Amino acid sequence: MAAPKPVHAVDAELRVLVCAPFRRDSALIREILRHQGIESLIVDLDDADNDSLADHGAVLICTQEGLTHKLRARLLDVVDAQPSWASLPIVFLLDIDADSDAIMSELGDLLVKGHVMVLHRPVRPLEFRTAVSNALATRRRQLETRNHLAYQTELQRELNHRVKNTLATFVAIYRMSLRQSTTLDDFAARFGSRVEALTAVHTLLDETRNDGSGLAELVSGVLAPYEGDQADRFEIAGPPVKLQRNAGFALALILNELATNAVKYGALSQSQGRVAVSWTSEADGAMALDWRERGGPAVKTPEKPGYGTRFIEGSVRGIAGECSFDYAADGLRFRMTLPSG
């Protein structure tokens, strides 16, 4: 199974927000951070239109003067709305003679739901930069946790999709065998041989993943379970091509997805349906493969791509290729190209 990858770039999302409304505090804070290679953004968080805090990559630096009642209310709203993996990192800069106990009491739930660090001014630049670096590291780990959760969710979705398609193929083989059989023994022979062929496909996918495969062997092996008693269901043609391991495994999954969809909705859902699979190979190693269906039900362009389509497109991109779908009325046409190497 070609595992999906998280789409979020963690470091690109990290944002240091500076709320220091008095004197030159904000400029001084930015200068100290810049020496550490940390860029920051000055914000007016009393501005009702400013939603920077809702950014899940945000880290907040706030001076005592910026910690207004309005800001505390906004911060509470933010931490109450944040997802389970998030905890807004906040660095507060308080005066050395400030009533820390009173301020901590006013912060209330922020100390529980946020990730709060308190420094007293005057603070040494090294201590300050270290606190901000730790806050960024905390936020980075949170974003990585988010990505991991999204990754696991996508893996589960893909696994569910693959199981459903396997079951759909199994049911299609069962029904095709039942329609074509006249006795129980005849059904057992037909159904058993096709299930064995389906098992062979999964074995072939594993072998392709580990050792690579010739393209003709791969195409024939993946499509064999869908032939049934009709040896002419598929027209397979193309020059000898040796696939790299990753490309071969991805292509096997793509062909299996196309065949499954053809069984459920396309040419292979009807006895007269046929599929032509052909490919060309260039001298530099680039390759183009075409899948063309005919003899099936009339084809309509879907209103939006389904998961199978997105899976195929993602698999093609994963091996640095390109693909296109043509929902021609007389049958689906799919084309993919792979660069050399």
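These legends accompany several views of a predicted protein model.

**View 1. The whole predicted chain, with its helices and strands.** The protein has 341 residues, of which 43% count as buried, and its secondary structure comprises ten helices and twelve strands. It exposes about 18000 Å² of accessible area, with carbon and sulfur atoms supplying 53% of that area. Among contacts between residues at least 6 apart in sequence, 72% join residues that are at least 24 apart.

**View 2. A nonpolar surface patch that includes Val163.** Leu159, Val163 and Leu167 together form this patch on the surface, where their combined accessible area is about 260 Å². Val163 belongs to helix H6, which spans residues 125-180. Because its relative accessibility is 42%, a value between the 20% limit for buried and the 50% limit for exposed residues, Val163 counts as partly exposed.

**View 3. Strands S6 and S10, the two extremes of mean pLDDT among the elements of the protein.** Strand S10, covering residues 287-294, has the highest mean pLDDT, at 96, whereas strand S6, covering residues 213-214, has the lowest, at 68. For the protein as a whole the mean pLDDT is 83, and 88% of the residues reach 70 or more.

**View 4. The segment formed by residues 1-7.** Over residues 1-7 the pLDDT stays under 50, and for this segment the model has 17 contacts beyond four places in sequence. Where pLDDT is low, predicted coordinates should not be read in detail.

Methods. Residues are numbered from 1 along each chain as its sequence is written. This is a predicted model: local features need pLDDT of at least 70, side-chain atom pairs count only at pLDDT 80 or more; totals for chains, interfaces and linings use all residues. Side-chain values use heavy atoms; hydrogens and water are left out. Patches are made of residues with over 30% relative accessible area and no salt bridge: like charges are joined within 9 Å, nonpolar side chains (Val, Leu, Ile, Met, Phe, Trp, Tyr) within 5 Å. Accessible areas come from the Shrake-Rupley method with a 1.4 Å probe; for residues, only the protein chains shown count as cover. A salt bridge is a side-chain nitrogen of Lys or Arg within 4 Å of a carboxyl oxygen of Asp or Glu. Helices (H or I, at least four residues) and strands (E, at least two) are DSSP runs, numbered from the N terminus. Buried means under 20% relative accessible area, exposed over 50%, partly exposed in between (1.4 Å probe, protein chains only). Contact means heavy atoms within 4.5 Å. pLDDT is the predictor's confidence in each residue, from 0 to 100.
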